[in-house]
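I opened this model today to look at its core, at one helix packing and at a few single residues. My entries follow in the order in which I looked things up.

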Amino acid sequence: MPAWLMQPRTGGLLLLAVVMVAVYLAAPNNFYLDVAIQIGLNAMVVVGLNLLIGYAGQISLGHAGFFGLGAYASAVLPVHLGIPPLAAPFVGMLCVGLLAFLVARPVLRLKGHYLAMATLGLGLLVFMLLTNESQLTGGPDGMTVERLRIFGERISGKDWWYLITSVMLLLSVWLTLNLIDSPTGRALRALHDSQIAAQVAGVDVARFKVIAFVYSAMLASLAGSMSALYSGFVTPDKAGFLHSIELVIMVVLGGMGSTFGGIIGAAVLTSLPQFLTVFAEYEHMLLGAILMTVMIFLRRGLLPGLLDSLRRRRAS
Amino acid sequence: METFLQFLFSGLTVGAVYAIVALGFTIIYNASDVINFAQGEFVMLGGMCTVFFSLWGLPLPVAAVAAVIVTSLIGVALNKLAIEPARGANVVTLIIITIGASIFLRGLAQVVFDKQFHRLPSFSGDAPIDVLGATLTPQSLWVMGGAAVIVVLLWYFFTRTTFGKSILATSHNRLAARLVGINVELVLLASFALSAATGALAGILVTPITLTSFDAGTMLALKGFAAAILGGMGNPLGAVVGGLLVGIAEAMGAGYLSSEYKDAVAFVIILAVLFVLPSGLFGRRGTERV
C-alpha cells in the first residue's frame with residue numbers, strides 16, 4: 001500500500017468518505033439515514049472536544065451548553081433579529097467563540113475535578129438560561145426553527161441533510177487533523193504529556209488551552225445550529241447535563257486523542273440506545289453495563305484499544 | 001426577619017442532605033481517588049428501598065435498616081466489580097465508569113421498582129413548629145438532626161478509632177499504609193460501604209419531604225459534587241460547609257430572586273469562589289509534583 005494511504009489526513013479521510021457513501025447506499029430507509037445524520041452531528045462536536053480532552057488534557061462537562069447556544073442561535077436570531085437563517089449559524093458560532101474566549105482563561109486555570117465542576121456549572125447556567133427566558137426561547141417546551149433556504153430552495157429532506165452533515169464532518173476532521181499536525185498541535189500534545197515540561201520548553205500553556213477550548217466550543221456551536229435547522233425544532237435538553245456527559249463519553253469510548261476513534265465513539269453511543277429500545281425497560285441497565293465493561297477492559301477507548309490488541313496478536 | 005428565617009430553615013434542610021452526599025463523595029475520593037458519580041443513586045436507593053420494603057409489609061424502622069444494608073452491599077459490589085478491576089486507569093475513564101454505574105443502577109431501580117414518585121410518611125407527624133415567627137416541620141428537624149448525628153459519628157470514627165485512622169492513613173499514602181500492615185483492600189471496601197450507607201440514610205430522611213423516584217439521584221449527585229468542590233475536594237469539613245452553603249444559597253435565591261433561577265444562584269456562587277480560590281474554600285493549596 002502506498003505510504004500516503006496510511007496517513008490519517010489522506011487515507012483516513014478517504015476511508016471516512018467511502019464509509020459515508022456506503023452508509024448512504026446501504027441505508028434501507030429514512031430511519032437509518034436519520035440515525036446517521038445524528039451520528040455525524042455528534043461526531044463534529046466530538047472531533048473538536050477530543051482536541052480539548054484528548055490532546056490538551058482538559059476535561060469539559062459543559063460542552064452541550066455551546067451546542068445548545070448554537071442550536072438556539074439558528075432558532076432565535078432569524079425571528080428576533082432578522083438575521084437570515086443561512087447566516088445565523090455563523091453569527092452564533094462567532095458569538096459562542098467570543099464567549100468561550102472570555103471564560104476560557106479563568107476556567108482553564110483550574111485543574112482536574114475543579115475544572116470539571118466549573119465547566120459543568122457553565123453548561124448548567126446556559127441550560128437554565130435557555131429554559132427560563134421563555135419569551136425568547138419558548139421555555140422548556142422549546143421552539144420551532146425556520147427552515148433553511150438556499151436560492152429559494154427549501155432544505156429539509158433527509159438526503160440533503162445527510163449530504164450537508166457528511167461534508168461538514170469531513171471538513172471539520174480535515175481541519176482538526178491539520179491543526180494537530182501544526183505547531184499548535186505539537187504544543188497541545190506536549191501539554192497533555194506534562195504541563196510543566198511544556199512550560200519549561202517554552203510553550204505558552206494558557207494560550208494553547210484557550211485555543212483548544214475556543215475551537216471545540218465553536219465546532220459544538222456549529223453542529224448545534226445544524227441540528228436545529230435539520231430537525232426544525234429545539235429544546236433546552238440539547239444543552240443539558242446529560243448531553244454534555246454523552247459527548248464526553250463518546251470521546252473517551254472512542255479513544256482520547258484519536259480523532260477517528262472519537263467518530264467511532266459517536267457512532268456507537270448514538271446508535272446504541274436506538275437499537276437497545278428493543279429491550280424496552282432493560283435499556284438503561286444494558287447501556288450502563290456496556291459502558292462499564294468497555295471502559296474497564298479497553299481503558300484507552302475502542303479504537304486505540306482494538307489497534308493495540310491487533311498489534312499484539314500480529315507480534316506473537 | 002420571619003421570611004429570612006423561613007428561607008434559612010429550608011436552606012439548612014436541603015443543605016444538610018447535600019452535605020451528606022458531599023461527605024459520601026469525600027470518603028470515597030479520599031480512600032481511592034475516585035469521584036463516584038453514582039453517589040446520588042445511593043441516596044435514591046435508600047429512599048426507594050425503604051418505600052418498597054414497607055410496602056411489602058416490613059415495619060418502617062426495619063425497612064429503613066434493611067434499605068441501608070442493601071445499599072451498602074451495592075456500594076461494596078460497585079467497588080469489587082467496577083472500580084477495582086479498573087485500578088490504574090486515568091481519572092476521566094474512572095469517572096465514565098461511575099457514570100455507567102449510575103445509569104445501570106437507575107435502570108435497575110426502574111425494573112425492580114417502578115417509574116412512579118413515592119413518599120414516606122413523616123417520622124413524627126406534620127404539626128409545624130413555630131420558631132420566632134417562622135415555621136419548621138418536624139421532618140426538617142429529623143433531616144438536620146440526622147445529618148448532625150452522621151457528621152459526629154463519622155468524625156468520631158475517623159479520628160478516634162483505629163480502623164477509621166487506617167482509612168485516613170490509606171488516603172494519605174496507600175503504599176505507606178500497606179507497609180505498616182493496613183489491609184488496603186478492606187479499607188477500600190469499608191469506605192464504599194460507609195459512603196453508600198450514609199447516602200442511603202440521607203435518602204430515607206429526606207424522602208418524606210421531597211418524594212423520591214428512580215431518577216432522583218442525578219440532581220443530588222450534581223449538588224453534592226458541587227458542594228464537595230466548593231468546600232475543597234477531600235476535606236470533610238469543607239464538604240459539610242459546602243453542602244450547607246449550596247443549600248442556603250439555593251433557598252435564598254429562590255426566595256429573594258426567582259424560584260426558576262434558584263439552581264443558577266448556587267452555581268454562580270461556586271464559579272465565583274473557584275475563580276478566586278481555585279481549590280475551593282478549604283482545599284489544600286497543594287504544589288504539583290513534577
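Entry 1, the core. In this predicted model I looked up the largest nonpolar core, which has 188 residues, and I noted that M117(A), W161(A) and V173(A) are those with the most contacts inside it. I then asked which element gives this core its largest share, and I found that helix 11 of chain A does, with 16 residues. For V173(A) I listed the contacts, leaving aside neighbours within four places in sequence, and I wrote down L13(A), L16(A) and V47(A), together with T259(A), F260(A) and I263(A).

Entry 2, a helix pair. I went on to helix 8 (residues 158-180) and helix 11 (residues 205-231), both of chain A, and asked at what angle they pack. The angle came out at about 175°, and their axes are 11 Å apart. Because an angle over 145 degrees counts as roughly antiparallel, I recorded helix 8 of chain A as roughly antiparallel to helix 11 of chain A. On the side of helix 8 of chain A, the residues that meet the partner helix include W161(A), I164(A), M168(A), L175(A) and L179(A), with K158(A) also among them. From helix 11 of chain A, I noted Y215(A), L219(A), L222(A), M226(A), L229(A) and Y230(A). Sorted by class, this contact has 11 nonpolar, 3 polar and 1 charged residues.

Entry 3, a loop residue. Where does L86(A) sit? I found L86(A) in the loop between helix 4 (63-81) and helix 5 (88-108) of chain A. With a relative accessible area of 43%, L86(A) is partly exposed, since that value lies between the 20% limit for buried and the 50% limit for exposed. Not counting residues up to four places away in sequence, L86(A) touches L148(A) and I150(A). I also checked L86(A) against D181(A), and from C-alpha to C-alpha they are 31 Å apart in space, with their positions 95 residues apart in sequence.

Entry 4, chain B. I looked up V91(B) and found it in helix 4 (residues 91-112) of chain B. V91(B) is partly exposed, at a relative accessible area of 43%. V91(B) and G217(B) are 126 residues apart in sequence, and their C-alpha atoms are 22 Å apart in space.

Entry 5, confidence. For chain B I noted a mean pLDDT of 88, with 98% of its residues reaching 70 or more. For the complex, the predictor gives an ipTM of 0.85 and a pTM of 0.87.

Conventions: Residues are numbered from 1 along each chain as its sequence is written. Chains are lettered from A and ligands numbered from 1 in the order in which they are written. This is a predicted model: local features need pLDDT of at least 70, side-chain atom pairs count only at pLDDT 80 or more; totals for chains, interfaces and linings use all residues. Side-chain values use heavy atoms; hydrogens and water are left out. Axes are lines fitted to C-alpha atoms, for helices over the stretch in contact, and angles run from 0 to 180 degrees between N-to-C directions. Angles under 35 degrees count as roughly parallel, over 145 as roughly antiparallel, 65 to 115 as roughly perpendicular and the rest as oblique. Contact means heavy atoms within 4.5 Å. Ala, Val, Leu, Ile, Met, Phe, Trp, Tyr, Cys and Pro count as nonpolar, Asp, Glu, Lys and Arg as charged, and the others, Gly among them, as polar. pLDDT is the predictor's confidence in each residue, from 0 to 100. Buried means under 20% relative accessible area, exposed over 50%, partly exposed in between (1.4 Å probe, protein chains only). A nonpolar core is a set of buried Ala, Val, Leu, Ile, Met, Phe, Trp, Tyr and Cys residues joined through side-chain atoms within 4.5 Å.
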